[in-house]
Amino acid sequence: MFDFGIDGYQPRWLNGEDRVAQHHGGRLGRLVGRVLTCPWVVWDTNSDEWFADCPVVLDFAGERLEVNHQKFDDLSITWNSVDVTRPPVWPTSDDFRLVWRDDAPAVLAALRGQRLEAVELLEWAGGDLADDSVAVGLRFSDGWLTLYNALDENGIAFGQLEPEYRRHRMG
């Protein structure tokens, strides 16, 4: 199993809102009311940009949510398995210098200290290739953070939810 160069990380790929909700719905719902203490992403230091292939890690006061997307509709949610004190080592290239960062992208870092108000699984229904892919929607006081499949990597959006999403509230 490909671990994205992250010791201890074992993604568990699921497809479809029903399967994701069955495996993670209760635990996602229990995050509501918790404060986001630290968001983490992997940063490519050579190009000074977010390396969106690796999981997005959100620490809610000791409960770590790890979200990752691949292919067109694979979603992995794992819990408390990523050690952000150890830099990832991309297994197929020595050219990448990767580190964990908690201060970028700015839209994600700005959520630090905010209380989570709601969690929804978001099922895309836009009439295109991405139909039925599942995103994770997290509602904070400033708006929705959406972690979505950006065609074989993670995408981050902030603000209002796209109207093409079918919304499934957790908890």
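Visitor: How many salt bridges are there by the rule used here?
Guide: This is a predicted model, where local features need pLDDT of at least 70, side-chain atom pairs count only at pLDDT 80 or more, and totals for chains, interfaces and linings use all residues. Residues are numbered from 1 along each chain as its sequence is written, and side-chain values use heavy atoms, with hydrogens and water left out. A salt bridge is a side-chain nitrogen of Lys or Arg within 4 Å of a carboxyl oxygen of Asp or Glu. By this rule the count is nine.

Visitor: How many residues apart in sequence are the parts that Glu63 and Arg27 tie together?
Guide: The two side chains meet in a salt bridge, with N to O at 2.9 Å. Helices (H or I, at least four residues) and strands (E, at least two) are DSSP runs, numbered from the N terminus. Glu63 lies in strand E5 (residues 63-70) and Arg27 in helix H1 (residues 17-29), so the parts tied together are apart in sequence by 36 residues.

Visitor: Is Glu63 buried or exposed?
Guide: Buried means under 20% relative accessible area, exposed over 50%, and partly exposed in between (1.4 Å probe, protein chains only). Its partner Arg27 is partly exposed at 29%. Glu63 has a relative accessible area of 14%, so the word for Glu63 is buried.

Visitor: Where does Asp48 lie?
Guide: Asp48 forms a salt bridge with Arg101, their closest N and O atoms being 3.9 Å apart. Arg101 sits in strand E7 (residues 98-101), 53 residues from Asp48. Asp48 itself is in the loop between strand E2 (38-44) and strand E3 (49-50).

Visitor: Which residues join into one network through shared salt-bridge partners?
Guide: Asp48 counts as exposed, at 52% relative accessibility. Salt bridges with shared partners make one network of Asp48, Arg101 and Asp103.

Visitor: Which residues form a nonpolar patch on the surface?
Guide: Patch residues have over 30% relative accessible area and no salt bridge; like charges are joined within 9 Å, nonpolar side chains (Val, Leu, Ile, Met, Phe, Trp, Tyr) within 5 Å. Areas come from the Shrake-Rupley method with a 1.4 Å probe, and for residues only the protein chains shown count as cover. This patch has about 350 Å² of accessible area together. Its members are Phe72, Leu129 and Leu151.

Visitor: At which residue does H1 bend?
Guide: The expected span of a helix is 1.5 Å times one less than its number of residues. For 13 residues that gives 18 Å, but H1 spans only 14 Å between its end C-alpha atoms. A bend is the angle between axes fitted to the seven residues ending at a residue and the seven starting there. In H1 a bend of about 55° falls at His23.

Visitor: What does Pro39 touch, not counting residues up to four places away in sequence?
Guide: Pro39 is in strand E2 and is buried, at 1% relative accessibility. Contact means heavy atoms within 4.5 Å. By that test Pro39 touches Val57, Leu58, Arg101, Asp102, Leu108, Ala109 and Arg112.

Visitor: Is the peptide bond from Ala104 to Pro105 cis or trans?
Guide: Pro105 is in the loop between E7 and helix H2 (106-109). Most peptide bonds are trans. From Ala104 to Pro105, omega is near -15° and the bond is cis.

Visitor: What is the phi of Phe4?
Guide: Most residues other than glycine have a negative phi. Phe4 lies in the segment before E1 and is buried, with a relative accessible area of 6%. Phe4 is not a glycine, yet its phi is positive, at about 60°.
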